[in-house]
Amino acid sequence: MLTVHAYDVIVIGSGPAGLAAAVSAKKNGVNSVLVIDRDVEPGGILLQCVHSGFGLETFGEDLPGPSYAQRYILEAESQKINLLMDTMVLDITSDFVVTVSNETIGVQRLQAKAIVLAMGCRERSRAQIRIPGTRPAGVYTAGTAQRWVNVEGLMPGKNFVILGSGDIGMIMARRLSLEGARVNRVVEIMPYLNGLSRNYVQCLQDYDIPLFLNHTINKILGKKRVEAVEVVRVDQNRKVQPETAEIIPCDTLLLSVGLIPENELTRKIGVSMDPITGGAIVDNCFETSIPGIFVAGNVVHVYDLVDYVSQDGTTAGKYAASFIQCNWNSNRRKIPVIVEEPLRYVVPQKICPDTLRESAIRLLMRVSYPMEYPVQVSLFTDQKEILNKTYPYVRPGEMVSIQIPKSAYDLIMASQEVRLKVLRKE
Amino acid sequence: MTNSQNLICVTCPRGCSLTISYDDQDQITITGNQCKRGAAYAKAELSDPRRMIASTVRIRGGIHKMLPISTNAPFPKGKIMNLMAFLKSVEISAPVKMGDILIENVLNTGIAMVASRNMEKID
Ligand SMILES: Cc1cc2nc3c(=O)[nH]c(=O)nc-3n(C[C@H](O)[C@H](O)[C@H](O)COP(=O)(O)OP(=O)(O)OC[C@H]3O[C@@H](n4cnc5c(N)ncnc54)[C@H](O)[C@@H]3O)c2cc1C
Ligand code: SF4
């Protein structure tokens, strides 16, 4: 491992977050930008998300996932961003040395002046949710099945049960039905839907696929191949009620039980992490606890709109540019953003009040449980409430956002924290 | 007497819960939509339900075996399975550019199938 190549900004991951960050760094005056990805082509996970529903905010159009990615790929090409594909990033240090490996160059070290981490997220698998039973073939994550069907043209089975009502699971339920497979049911342990309501309508209802809330899979049956699953009801404490067990024959079980930010590299660098989001703790410039290490996209927390992924990637790229251009004060004042129950988390976890001079700050939050009635999300300084926003309802599967306007500059500058609350609106 | 029916708008990720109420004269009022498209969706859903359909077709000479494609307008719900059966018989050759019309007036609906991405020809 010898050669060292130098770049100004190195971005890890070529999904919408990484591409937006790279383009933004370049547009903000950075000379050499390199994007590295282990995949053979840029675009990230969207390349396998063939359904539409992307880009309404950014382009005012309802685009299929590959089209949304294509627009960013074309822009990256026109900005002459260097792409290093089919290359795995093995290690990153806090002084910006990136160790990569691929078939042609072997192992190499690359030196940057700032880094943007945009590795996306991966799916939780069977091992992580511990379903008992045999270990037959035919148990896949929904995303793996999505890649088989949409990219490789292979069907993973004929007769499916899907565990988890997340968006990817519901979207796959529709996709498999369209391809002629039978989807028996979608089973969800929580008392509410985990994904967007629109996906319940257009992916399950449209294809007569029943959704079983408060149910889970207790056992997988079958020797070589899945032959059936045992579906059971759970009580309010998510405890299995064995007397409700029902055997559902199927040849394939898909798991859509959540996404986890892909942060092995981030942890290795020693960045401070948020145990709830599973991503780094960031400020509104998307800088981590280590100066010059920025993060963007699903590696920070799991977004539900790719438009926000790209916007936040653009922000990360812009500040990575500021960092290397030395008009950056890593000791700038930051104040914490605090959330109160039922808010589960907020990103960013800190804000830099002085950046409000340039632009508004968007805060993204999730609630712990659904509130199916009008609520008010309020933002407080240590003195008083400064703004609020009404939502007709809030649900864990749908992100809540609130924007601090530039006009709040003086109030935020004078405060030691900002605090967010959600209250039922009378 | 008024009657009402609930629908979830699927036009955008917000997924507004719409209520459609009918009065004595069968006049309808739509509430719960956060934008105009919601009302249009509710009316269409009652008379001629349609969906955007995205799928894949086989492609020769590309980096992958399948090319993602989509309808260029919402497609009649009742004919979706016919469309899927038809697409199985289609094979495209690389190169393809995003937005290329691959099939015009598919199944005489006036709707076209377009490529969702570029795919170069590789040797
Ligand atoms: C299976 C799946 C399906 C999804 N479906 C939808 C959907 O239908 N709608 C939706 O809005 N969102 C969906 N999402 C969420 C989706 O990930 C985001 O909307 C968006 O793609 C996030 O962009 P990103 O750039 O953060 O990550 P990604 O698009 O995931 O890009 C991350 C990139 O980093 C690369 N990478 C990671 N680690 C390394 C490494 N060590 N070395 C080199 N490269 C690396 C990966 O190869 C990948 O290309 C899905 C996510 C998954 C996992
Ligand atoms: S009514 Fe408008 S805002 Fe609401 S889901 Fe439909 S399109 Fe979206």
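**Chain B fold, ligand 2 shell and nonpolar cores**

From the N terminus, the elements of chain B follow the order β-β-β-α-β-β-β-β-α-β-β-β, with two helices and 10 strands in the chain; helices (H or I, at least four residues) and strands (E, at least two) are DSSP runs numbered from the N terminus. The model is predicted: local features need pLDDT of at least 70, side-chain atom pairs count only at pLDDT 80 or more, and totals for chains, interfaces and linings use all residues. Residues are numbered from 1 along each chain as its sequence is written, and side-chain values use heavy atoms, with hydrogens and water left out.

The C-alpha trace of chain B spans about 70 × 25 × 15 Å along its principal axes. Of its 123 residues, 42% count as buried (under 20% relative accessible area, 1.4 Å probe, protein chains only).

Residues around ligand 2 (a heavy atom within 4 Å) include Cys9(B), Cys12(B), Cys16(B), Cys35(B), Arg14(B) and Arg37(B).

The largest nonpolar core (buried Ala, Val, Leu, Ile, Met, Phe, Trp, Tyr and Cys residues joined through side-chain atoms within 4.5 Å) has 70 residues, and Ile12(A), Ile36(A) and Val98(A) are among those touching the most other members. Helix α9 (residues 306–324) of chain A gives the most to this core, nine residues. The core lies between domain 1 (1–123 + 258–331) and domain 3 (333–426) of chain A, because both give residues to it; the bounds come from an automatic or database domain assignment. A second, separate core of 41 residues includes Leu176(A), Ile53(B), Leu67(B) and Met113(B).

Terms used: Chains lettered and ligands numbered in written order. Buried < 20%, exposed > 50% of the residue type's maximum accessible area, 1.4 Å probe, protein only.
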